[in-house]
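User: I am new to this structure and would like to learn how to read it step by step. Could you show me the model and take me through its features?

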Amino acid sequence: LFSANRRLFAGLCYDIYPQQLLVLDPSEPDPARTVHFLDLEVFQDPLFGLSHRLFDKRREECYRSIPLVRFPHRLSVMPDRYCFNIVQSQIHRFRILCLRSDAFVLEVARLLAILHQNKGYSLYRLMKLTRRSLDRTPAIYGARSSYGVFIRVRAQLRVFLERGEFRSSCV
């Protein structure tokens, strides 16, 4: 998405990428500048230059009141394996897009809390699928095994469930 020759790049990609993205310059760090592109928030990190994190517009104040449905309810007409495949596909997505392990843990715990509290998914089965998905990448984020990451996800999920943060009909 980024090029050293910004004029040439901007000309080629004028209608494809947001124009704000074309002017982010890693040589001039400005932490206040961010650009939302697809499901990422691209920003200028003072230490690392250009960086990104997951962005969900449904977390923004102006979109919270709009009833958007992201995941099917557990009792929908979809077969079980399709409903629970959401966990594996989202964990894979988070693993690719999250740069730091704490962001990954937070996103996975948030997903599990939403599916359990709002969509009626079995917590036992969600945890089992999470563990299986994490085991596919044993050295995730430099850990010796995926078990440490799983323990952190479980602890964060417990915090979310105790607070009841994700109880909503629009998830």
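Analyst: Let us begin with the chain as a whole, keeping in mind that this is a predicted model. Of the 171 residues of the chain, 36% count as buried, and the area that the chain exposes is about 10600 Å², with carbon and sulfur atoms supplying 55% of it.

User: How many helices and strands does the chain have, and in what pattern do they follow one another?

Analyst: The secondary structure comes to six helices and three strands, and along the sequence these elements follow the pattern α-α-β-β-β-α-α-α-α. As for contacts with a separation of 6 or more, 50% of them in this chain are between residues 24 or more positions apart.

User: How should I read a single helix, and which residues of α5 are buried?

Analyst: The general idea is that an α-helix has 3.6 residues a turn, so residues three or four places apart point the same way. In this structure, the buried residues of α5 are Leu126, Met127, Leu129, Thr130, Ser133 and Leu134. They cover an arc of only 165° around the axis, which means that they lie on the same side of α5. These buried residues pack against α3 (80-97), α4 (101-119) and α6 (146-163).

User: What span should helix α5 have, given its 13 residues?

Analyst: Helix α5 covers residues 123-135, and at 1.5 Å a residue it should span 18 Å; its end C-alpha atoms are 18 Å apart, so the expected span and the model agree.

User: How is empty space found, and what is the volume of the second largest pocket?

Analyst: In general, rolling a probe the size of a water molecule over the atoms shows where empty space is left. Here, the second largest pocket has a volume of about 280 Å³. Of the 15 residues that line this pocket, the closest to its centre are His52, Arg53, Leu99, Arg100 and Ala103. The elements that give two or more residues to the lining are β2 (40-45), β3 (49-54) and α4, and the largest share, four residues, comes from β3.

User: Where is glycine 164 found, and is this residue buried or partly exposed?

Analyst: Glycine 164 is found in the segment after α6. Buried would require under 20% relative accessible area, and glycine 164 has 24%, so this residue is partly exposed. Although glycine 164 and glutamine 117 are 47 residues apart along the chain, their C-alpha atoms are separated by 7.9 Å.

Notes
Residues numbered from 1 in each chain as written. Predicted model: local features only at pLDDT ≥ 70, side-chain atom pairs only at ≥ 80, totals over all residues. Heavy atoms only, no water. Buried < 20%, exposed > 50% of the residue type's maximum accessible area, 1.4 Å probe, protein only. Contact = heavy atoms within 4.5 Å. Areas by Shrake-Rupley, 256 points an atom, 1.4 Å probe, with all protein chains shown as cover. Expected span 1.5 Å × (residues − 1). Arc of directions from axis to C-beta. 1 Å grid on protein atoms, 1.4 Å probe; cavity = no way out; pocket = protein on both sides within 12 Å on 5 of 7 lines; lining within 4 Å. Points joined across faces, edges and corners; volume = space filled by probe spheres on them.
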